[in-house]
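Here are my notes on the model you asked me to look over. I've kept them to the ligand site and a few backbone oddities.

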Amino acid sequence: MSRLYFPKDFIWGSATAAYQIEGAYQEDGKGESIWDRFSHTPGKVANGDTGDVACDHYHRYKEDVELMKEIGLDSYRFSISWPRILPKGKGEINQQGLDFYRGLINELLKAGIKPVVTLYHWDLPQALQEEGGWANREIVKHFVNYAEILFNEFGDVVSQWITHNEPFVVAFNGHGSGDHAPGIKDQQVALQVAHNLLLSHGLAVKKFRELKLDNEIGITLNLISSYPISDNVEDNKAAKRMEDYINGWFLEPLFKGRYPERIVEFYGEKFNNLDIREDDMGLIKEEIDFLGINYYSRSLVRYNKDSKFLGIEGVKPQDSQYTAMDWEIYPKGLYDLLIKLNQEYTQKPLYITENGAAFDDKISEGGGVHDQDRIDYLKAHFQSAYKAIQEGVALKGYYVWSLMDNFEWAYGYSKRFGITYIDYENNQRRILKDSAYWYKNIIVNNSLEV
Ligand SMILES: OC[C@@H]1[C@@H](O)[C@H](O)[C@@H](O)c2[nH]c(CCc3ccccc3)c[n+]21
């Protein structure tokens, strides 16, 4: 057996999001979010699950920081719930909302754990949705106002700020396929939402720079590695379109100030109809300090002239392994992605802000949760990250998704991503899974045994 040693200042962390773990959905002045509304809408979420209680983190955050300390995390990535801070999305500030996050951050600092805050992880105040939400360009100034409140309140204790979690998903799942809140099904709206999200990111970064804070700011994107099933030209073009659709639509504006031509022509009229103003692309390209990457799996495609989805058809190799989300386990895709980002987009510091897997975890007779499949998944992806670092990629940290089982959006509580098991039948009891103990050992040694 040999050991792969990570750089000495490498950050090992874990990640969550407010709506997925906090619960207390109407407590202490919190306003309604679009996910409160969506999850309470019959038929939208598996088993009629909602985030009303979730993991009850709102009341149990001290216990949860103790868990993070036991695992030995260097850092914890979490999101702040906009409607806890501004119940109507703007106007009056809810002090009890600020107090909750102050308490959480204080516990983290006492435990020597770096707080990394995601400003927006999908839980828009419902009051703003009623004014058009992300489809209405006015939202940009409300987002910057919200961000400024948090920069001023926590700017001296937060290590890094992430403006948005996965604008692709907010735009295309929330406004294209409609399987996420607010459940709109309109590609034209989805494209406008994507643009407004990027613009809100750029203006929030600009505001952050004006405040001259000494921590860092970036954005988190869900990114894939995209491969053609054969080396024929049409399959290769299909794989490139897939990469442009998920990765390029956001990477190109953020780092090159433009939308990717190949797919712009594919969108045609829908792109020409967009409300993009003269300075927008320059504002979106405001320099960031790091890029957050959420990687879970690859995309393997073939060209299909009858496919309404960009002429693309997904392929699922028989001999691959799959997670409980039916996502192919493909660690090499993380390595390929990191190398490509380094070569084609940025040499800025990169963080894996999410990587992990859902498996059908069970509590064993002895009371433990033996999730060897999750250990194997993480080990293989850590090895890919290690290889990329060895080849010069400025990967500075890795956040396992997730610290605990939680509300998995439209899948409700049916999918478990945590390294901590949540026993929903037993008062949300926390049980560290074998993967948590395995991760603890990695962190202590800052190395991986292979
Ligand atoms: O699905 C697991 C996690 C979610 O729980 C996080 O909130 C979200 O940031 C996140 N993103 C991805 C990859 C992109 C994706 C999002 C939604 C559905 C399918 C894929 C996976 N995950």
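The points below start with the ground rules, then go through the ligand site and the backbone.

1. Ground rules. This is a predicted model, where local features need pLDDT of at least 70, side-chain atom pairs count only at pLDDT 80 or more, and totals for chains, interfaces and linings use all residues. Residues are numbered from 1 along each chain as its sequence is written, and side-chain values use heavy atoms, with hydrogens and water left out.

2. Who surrounds the ligand. There are 16 residues around it, and Gln-20, His-121, Glu-166, Glu-354 and Glu-408 come nearest (a residue is near if one of its heavy atoms lies within 4 Å). The shell splits into 7 nonpolar, 6 polar and 3 charged residues. In that scheme Ala, Val, Leu, Ile, Met, Phe, Trp, Tyr, Cys and Pro are nonpolar, Asp, Glu, Lys and Arg are charged, and the others, Gly among them, are polar.

3. Polar contacts (pairs of N or O atoms within 3.5 Å). The side chain of Glu-354 puts an N or O atom 2.7 Å from a ligand oxygen. For His-121, a polar side-chain atom lies 2.9 Å from an oxygen atom of the ligand, and for Trp-409 the side-chain N or O atom is 2.9 Å from a ligand oxygen. The protein covers 86% of the 460 Å² of accessible area that the ligand has on its own (Shrake-Rupley, 1.4 Å probe).

4. The active-site pair. UniProt, in an unreviewed entry, lists Glu-166 and Glu-354 under "active site"; such annotations may be inferred rather than shown by experiment. The two span 189 residues in sequence, yet their C-alpha atoms are no more than 10.7 Å apart, so they gather at one spot. Both Glu-166 and Glu-354 are in the lining of the largest pocket. Glu-166 has its place in the loop between β5 (160-165) and α8 (167-177) (helices, H or I, of at least four residues and strands, E, of at least two are DSSP runs, numbered from the N terminus).

5. Cis peptides. Most residues other than glycine have a negative phi, and most peptide bonds are trans. Ala-181 and Pro-182 are joined by a cis bond with omega about 5°, and Pro-182 lies in the loop between α8 and α9 (187-210). The bond from Trp-401 to Ser-402 is also cis, with omega near 10°; Ser-402 lies in the loop between β12 (395-401) and β13 (420-423).

6. Positive phi. Ala-24 is a residue other than glycine with a positive phi, near 45°. Ala-24 lies in the loop between α1 (18-21) and α2 (34-39).

Terms used. Polar contact = N/O pair within 3.5 Å; in protein donor to acceptor, adjacent residues only side chain to side chain. 1 Å grid on protein atoms, 1.4 Å probe; cavity = no way out; pocket = protein on both sides within 12 Å on 5 of 7 lines; lining within 4 Å.
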